[in-house]
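Work through the following exercises with the sequence and the structure beside you, and try each task before you read its solution.

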Amino acid sequence: MTGGRITAPLAVFILGSSAGCGGPYSTLDPAGPAASAAAFLWWGMFGLFTLVLVFVVGLWLYAMRRDPDPAGGQDVGRVHRRLLVGGGLVLPMASILVLLAFGIPAGHMMLPLPPAEGEALRIDVRAHQWYWETHYPGTGVRLVDEVHMPAGVPVNVHLTSEDVIHSFWVPRLAGKLDAIPGHENVLRLRAYSPGIYRGQCAEFCGVGHAHMQFTVHVYTPEDFEAWLEAAQHDD
Amino acid sequence: MTDRNNAAAGELQQGLGRVWANLPGLGALAAVNHTTLGLRFMVTGAVFFLIGGLLAMLMRTQLALPEQEIIGAQLYNQFFTMHGTVMMFLFAIPILEGLAIYLIPKMIGARDLVFPRLTAFAYYCYLFGGLIILLSLVMGIAPDSGWFMYTPLSSAEFAPGPGSDFWLLGITFVEISAMATGVELTVSILRTRTAGMSLRSMPIFCWYILVMALMIVFGFPPLILASILLEIERAAGLPFFAVAGGGDPILWQHLFWLFGHPDVYIIFLPAAGVVSTLIPVFAGRPLVGYRWVVLSVITTGFISFGLWVHHMFTVGIPHLAQAFFSVASMLVAVPTAIQVFAWIATLWSGRVAWSLPLLWIMGFLVVFVCGGLTGVMLALVPFNWQVHDTHFVVAHMHYVMVGGMLFPVLAALYYWLPHLSGRMASQRLGYWGFWLFFIGFNMTFLLMHLTGLEGMPRRVYTYEAGLGWDGLNLLSSVGGFVMGGGVAMIIIDVALHYRFGRQAPANPWNADTLEWATSLPPAPYNFVSLPTLSSRHPLWDQPDLPESMAAGQHGLATMAHGRRETLGTDALHGKPREIIHLPTNSWLPLLGALALAVVCISLLLRAYPAALFGVALAAALFLRWSWENGVHLKAAPLADDEPDDLPLHSRSCDGPGLWGMVVSLLANGALYLSLLFAWFYLWTASPGWRVPDERAVALLPFLAAGALLSIVMALYHRAAIRAVQGDAEGLGTRLWQISALGVVHWGLLAWVLYDAALAPTELAHDAVLLVMLLYLLIHSALAVVLTVLQALRVGYGYVGARLPYELLVLRPFWIYTLGVFWLSFAAFLLLPMAWGGQ
């Protein structure tokens with residue numbers, strides 16, 4: 001009885017606090033195609049692997065509880081082979097094939113390949129301990145801890161670092177990519193619709209790591225042009 | 001008749017007891033016996049586990065609520081770095097090594113490991129290295145760049161304090177211990193199984209440990225090299241990992257994970273070996289698919305060296321490479337699944353006896369399969385890009401490590417506890433311990449998957465309220481404390497059982513393996529006599545074997561010579577080949593490790609003269625160590641009553657020392673290959689790589705040094721062969737001549753280095769060349785010193801026509817030295833010329 005009385009409010013508390021997976025950094029509330037694909041992969045794998053887990057544990061429990069065959073049963077060898085081949089080879093291989101069938105196209109789609117039409121907008125981001133410096137090449141616009149971009153069009157974020165390794169991550173838009181001194185990595189971002197999205201450093205980078213956040217402001221393409229124009233004149 | 005037999009057996013046991021006993025009082029520190037040292041390893045590991053656990057509790061306290069400042073960022077960074085470091089390097093690996101050290105000789109029917117002094121040395125290196133690292137925590141200057149120590153965060157510029165140095169030097173110290181154990185376990189398993197125990201009839205646990213030991217031999221050198229390079233960079237400014245000088249921080253990540261991923265399997269495999277050992281015992285039937293399991297374990301060992309890049313999917317590695325490593329990472333699920341289903345099949349056709357160890361194995365199954373599945377998820381690159389470096393990975397990693405290692409280790413604890421103490425643990429407290437631990441663990445880490453999916457990154461000391469992470473974190477913290485309660489329960493249970501546990505009967509679980517044929521607790525010599533086996537399940541097929549062994553009715557049941565002895569057998573079939581005489585209690589391992597501790601601390605304090613003194617001291621002690629071998633008075637002096645059916649190994653041509661030398665050289669080769677990898681990686685991938693216009697190393701003197709080395713090697717080879725053929729005429733003189741020529745070669749090589757126009761602090765290119773040349777110089781010097789030692793031993797009559805063994809042990813070292821010389825010439829000097837760089 002007491003157990004029930006304690007667990008009920010606790011459950012409400014968790015559900016309430018996690019608010020249906022919809023926090024500002026939640027990968028499960030995607031707002032761009034790359035994040036959507038990753039969330040889709042998650043739910044698919046979660047479903048498939050829950051079945052695998054239940055199956056394996058169930059089989060194990062059954063194997064422990066069942067009475068062994070009378071000694072020398074001819075079927076024993078066949079059952080063993082079936083378990084080893086079926087569970088040891090077929091099950092993992094089949095799961096891997098299913099995963100790759102969905103995963104390879106999803107991964108391909110996330111790459112910063114040249115878009116079918118037009119060109120991707122280029123934004124340069126330089127990571128520092130502990131802030132992000134954003135440049136719009138050819139415009140002279142420089143921002144700190146902010147990225148502004150248009151919705152619905154591909155954006156290539158060119159990442160590098162001025163000191164240690166950081167990692168640029170806007171969970172609702174796309175996966176993360178490291179910013180490494182001496183290297184330049186390109187991350188493809190794309191947002192479905194205008195709004196403000198939050199980003200953070202994902203690679204441990206020292207004392208200020210926990211506070212190395214930034215915001216991504218996404219506009220309609222027209223509003224973005226207007227913002228860029230205004231930002232150039234501000235200087 | 002029987003009375004007389006009993007009396008004889010009693011006398012034998014007393015005699016063995018005298019020869020095998022540790023020294024009394026403080027003399028216990030000179031112990032070399034594997035039972036004693038295995039226990040010391042495990043107890044020390046358990047203490048480090050509690051320290052690591054305490055750090056985890058502090059971190060969970062800090063994260064329980066958002067925006068807390070109980071522990072600041074600085075301390076939190078030290079804590080999570082130390083938690084990972086302590087758990088991986090000072091708990092998981094050493095405690096499994098301890099388990100193997102304790103069990104392996106007993107399982108293969110040997111009296112001790114094959115290099116007992118090395119066991120003791122390994123323990124002291126572990127203990128001192130661990131204490132040095134711990135000292136940094138107590139002083140508040142612990143490493144704080146993460147247990148993965150990524151450069152440049154861990155480099156001198158961004159981590160100017162001594163924290164990184166503590167990590168690099170302390171961990172390398174501890175790794176010496178792992179390497180020593182790896183070599184020793186490999187040779188012991190291959191060469192000291194009791195008569196008739198072929199590789200195919202070896203207990204399955206020994207296969208797991210054999211693969212683990214070989215993985216240590218090949219897997220640790222990359223990290224050892226990386227640590228040495230980073231420490232040199234920090235102390236002397238050689239830019240291996242600094243972009244400005246043409247180095248690359250990503251090189252560190254490659255070398256670290258080249259070690260780090262095999263390391264996961266180094267930890268998992270012995271634990272899986274425990275599962276494969278216990279399940280057949282509790283099912284009362286042999287393991288189904290023994291050969292399948294052996295093949296899976298070997299396959300896992302191989303695949304695990306091809307996965308390291310999956311820790312680096314967000315680094316910007318070429319996409320084709322990512323695809324390759326992604327598939328390889330998923331494929332490792334296959335051998336794991338084969339083992340899981342072999343266990344299921346074993347349970348399927350056995351009659352299962354329920355018990356506490358089996359409950360822990362059940363917990364292992366649930367948690368580990370779950371962790372394995374999230375591992376396959378993480379191998380999928382597009383998903384990995386989202387959850388990498390979030391709490392999802394923290395959760396996955398703990399499911400794999402705690403599930404795959406700690407649960408089986410606790411099963412092992414309850415299973416072998418009667419073996420250690422001769423008493424049975426209580427059931428009730430044990431069940432409480434399990435359920436608290438299991439529930440607490442899942443509460444902490446199952447929820448953490450969701451925390452990660454909701455975007456909480458790893459290694460943040462605090463977080464904003466209202467991001468959806470608050471409740472999950474609180475529950476994880478509560479779960480952590482429940483788990484802590486479980487650990488406390490287990491400790492109480494184990495402590496109480498020494499006082500209140502009932503006496504364990506012989507072979508309490510009705511197991512099939514030889515370790516249960518010892519007395520409980522075991523005598524230091526394990527077995528009075530060593531049996532000839534014909535079955536994989538000796539105690540099931542010959543239930544009276546323990547009695548006949550204790551009665552001295554099998555091999556090596558003599559005590560008159562007063563030596564510690566065990567049987568040396570053929571690696572494949574277990575045919576007896578020689579009697580291995582083992583060293584007795586010795587202070588040299590302790591003193592040697594202390595000398596290395598002096599080196600380590602001096603380097604930390606940047607007191608280089610003191611470090612040099614420590615190196616010289618250690619070298620002197622190690623040479624003394626090797627001096628007390630063979631027919632030396634402290635080992636096995638020549639006698640009139642030498643056994644004639646089987647020779648003593650030091651009178652043979654193929655003793656364990658030779659095997660130890662070859663396995664050590666494999667490890668050394670892995671270190672050298674890591675250096676080659678670094679060289680080629682920097683050439684091809686480093687963004688700021690620069691090659692000097694002029695070739696720095698003069699070719700002609702280098703070639704002359706090589707030619708001389710080739711001649712020296714050939715002369716040594718001929719001298720050794722002639723000694724084997726019984727011609728030791730002038731052997732001493734020849735060895736002196738060889739040494740002299742070796743010195744000339746060394747001088748030439750040293751001149752090449754002195755003359756080379758290297759700028760190692762400015763160019764990574766030159767820094768790597770410098771390391772390569774130093775590597776060659778050290779090897780040539782060592783080969784010469786060891787040859788001088790042989791020449792001296794000829795003078796003392798320790799080496800000669802009847803005793804060519806040591807010459808043969810040293811020969812592979814000469815071959816190796818010559819091999820790396822010419823390989824270096826090809827890779828570091830010729831190839832770049834062909835490349836057009838110079």
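Before the first exercise, one definition is needed: an axis is a line fitted to C-alpha atoms, for helices over the stretch in contact, and angles run from 0 to 180 degrees between N-to-C directions. Keep in mind throughout that this is a predicted model.

**Exercise 1.** Find the strands of chain A that helix α4 lies across, and state the angle at which the helix runs to β4(A).

*Solution.* Begin with helix α4 of chain A, which covers residues 221-234. This helix lies across β4 and β10 of chain A, and its direction makes an angle of about 135° with β4(A). Next, place these strands in their sheet, which is an open one of 5 strands in chain A with the order β4-β10-β9-β6-β7 and mixed pairing. Its edge strands are β4 (146-150) and β7 (177-179) of chain A, each of which pairs on one side only. On average, neighbouring strands of this sheet are turned by 30° against each other, direction ignored.

**Exercise 2.** Determine in which sense β9 and β10 of chain A run, and which residue stands opposite A:Ile196.

*Solution.* Recall that strands of a sheet pair through backbone hydrogen bonds, either parallel or antiparallel. Strand β9 (residues 195-201) and strand β10 (residues 213-219) of chain A run antiparallel and are joined by 6 bridges. Within this pair, A:Ile196 has A:His217 of β10(A) opposite.

**Exercise 3.** Describe the sheet of chain A that contains β1 and β5, and the pairing of these two strands.

*Solution.* First write down the order, which is β3-β2-β1-β5-β8 in chain A, an open sheet of 5 strands with mixed pairing. Then identify the edge strands, β3 (141-144) and β8 (185-189) of chain A, each pairing on one side only. The twist from one strand to the next averages 25°. Finally, look at β1 (residues 121-128) and β5 (residues 155-161) of chain A, which pair in the parallel sense over 7 bridges, with A:Arg122 standing opposite A:Asn156 in β5(A).

**Exercise 4.** Name the residues that touch the most other members of the largest nonpolar core, and the helix that gives the most to this core.

*Solution.* The largest nonpolar core holds 348 residues, and B:Ile209 and B:Ala411 touch the most other members. Helix α7 (residues 249-283) of chain B gives the most to this core, with 23 residues. If residues up to four places away in sequence are not counted, B:Ile209 touches B:Ala100, B:Ile104, B:Leu185, B:Ile189, B:Pro270 and B:Gly273.

Conventions:
Residues are numbered from 1 along each chain as its sequence is written. Chains are lettered from A and ligands numbered from 1 in the order in which they are written. This is a predicted model: local features need pLDDT of at least 70, side-chain atom pairs count only at pLDDT 80 or more; totals for chains, interfaces and linings use all residues. Two strands pair if DSSP finds at least two bridges between them. Helices (H or I, at least four residues) and strands (E, at least two) are DSSP runs, numbered from the N terminus. Two residues are in contact if their C-beta atoms, placed from the backbone, lie within 7 Å. A nonpolar core is a set of buried Ala, Val, Leu, Ile, Met, Phe, Trp, Tyr and Cys residues joined through C-beta atoms within 7 Å. A residue is buried if 20 or more other C-beta atoms lie within 10 Å of its own, exposed if 12 or fewer, and partly exposed in between; C-beta atoms are placed from the backbone.
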